[in-house]
Amino acid sequence: MTLHSHSRGPVRVLDAPDGHDVIIEGRLDVHTVPDIRDAIHAVIVLGPGELRLHLGSAEIGDATGLGVIVHLHRRATRAERRLLLVDASDRTTRLLRGCRLERIIAPRHAVTVAPLTA
């Protein structure tokens, strides 16, 4: 089985059998959020399964960056998909905890999703 990958700006998407892995690189702020949001909206409607948001190479730069994560969680939930944060930095985890968002969006640490090969 081959995983398909496509890219749009700071967002890279890997199609997996059980959902999608979305890898975000760089800063999430007022300048980058529109592209990131649009790319992930397109992924949400692609089908069922988990939507794993990899944030290991991303940095939340301002409230807009944090807000887009909350927005994407709500959008995924409405589409009956589960949004998971993978490899979130300590800073991102603290931000979620400080805003009490860890109750609805729980980061998963040290999760590696390896491509499946036949």
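**Close-ups of a predicted chain**

**View 1. Helix H1 passes helix H2 in a right-handed crossing.** This is a predicted model, and here we zoom in on the H1–H2 pair. Helix H1 covers residues 33-44 and helix H2 covers residues 63-78; their axes come within 11 Å and cross at roughly 15°. That angle is under 35 degrees, so H1 runs roughly parallel to H2. On the H1 side, the residues to look for are Val33, Arg37, Ile40, His41 and Ile44. They meet Thr64, Gly65, Val68, His71, Leu72, Arg75 and Ala76 on the H2 side. Sorted by character, the residues of this contact come out as six nonpolar, four polar and two charged.

**View 2. Helix H2 and what covers it.** Start with the helix on its own: H2 has 16 residues and spans 23 Å from its first C-alpha to its last, close to the 22 Å expected at 1.5 Å a residue. Now pick out its buried residues, which are Gly65, Leu66, Val68, Ile69, Val70, Leu72, His73 and Ala76. Which elements cover them? Three strands are part of the cover, namely E3 (19-28), E4 (50-60) and E5 (82-86), and so are the helices H1 and H3 (90-98). Gly65, Val68, Leu72 and Ala76 turn up in the list of buried residues, and each of these four is also among the H2 residues that meet H1.

**View 3. Ile36, a buried residue of H1.** Back to H1, where Ile36 is found. Is Ile36 buried or exposed? Its relative accessibility is just 1%, and the cut-off for buried is under 20%, so Ile36 counts as buried. Setting aside residues up to four places away in sequence, Ile36 touches Pro10, Val11, Ile24 and Leu28. Take Ile24 from that set: Ile24 and Ile36 are 12 residues apart in sequence, and their C-alpha atoms are 7.9 Å apart in space.

**View 4. Asp29, a buried residue in a loop.** Asp29 sits in the loop between E3 and H1. It has a relative accessible area of 9%, so this aspartate counts as buried. Which residues does Asp29 contact once its neighbours within four places in sequence are left aside? They are Gly61, Asp62 and Thr64. Thr64 may look familiar from View 1, where it is one of the H2 residues that meet H1.

**View 5. Glu80 and Asp87, two non-glycine residues with positive phi.** Glu80 has a phi of about 60°, a positive value, although it isn't a glycine. You'll find Glu80 in the loop between H2 and E5. With a relative accessible area of 75%, Glu80 is exposed. Asp87 isn't a glycine either, and its phi is positive too, at about 55°. Asp87 lies in the loop between E5 and H3. At a relative accessible area of 29%, Asp87 is partly exposed.

**View 6. Zooming back out to the chain.** There are three helices and six strands here. Following the sequence, they come in the pattern β-β-β-α-β-α-β-α-β. The chain has 118 residues, and 39% of them count as buried. How much of the contact total comes from residues 24 or more positions apart? Such pairs make up 65% of the contacts with a separation of 6 or more.

Key: Residues are numbered from 1 along each chain as its sequence is written. This is a predicted model: local features need pLDDT of at least 70, side-chain atom pairs count only at pLDDT 80 or more; totals for chains, interfaces and linings use all residues. Side-chain values use heavy atoms; hydrogens and water are left out. Axes are lines fitted to C-alpha atoms, for helices over the stretch in contact, and angles run from 0 to 180 degrees between N-to-C directions. Helices (H or I, at least four residues) and strands (E, at least two) are DSSP runs, numbered from the N terminus. Angles under 35 degrees count as roughly parallel, over 145 as roughly antiparallel, 65 to 115 as roughly perpendicular and the rest as oblique. A crossing is left-handed if the near helix is turned anticlockwise from the far one by less than a right angle, and right-handed if clockwise. Contact means heavy atoms within 4.5 Å. Ala, Val, Leu, Ile, Met, Phe, Trp, Tyr, Cys and Pro count as nonpolar, Asp, Glu, Lys and Arg as charged, and the others, Gly among them, as polar. The expected span of a helix is 1.5 Å times one less than its number of residues. Buried means under 20% relative accessible area, exposed over 50%, partly exposed in between (1.4 Å probe, protein chains only).
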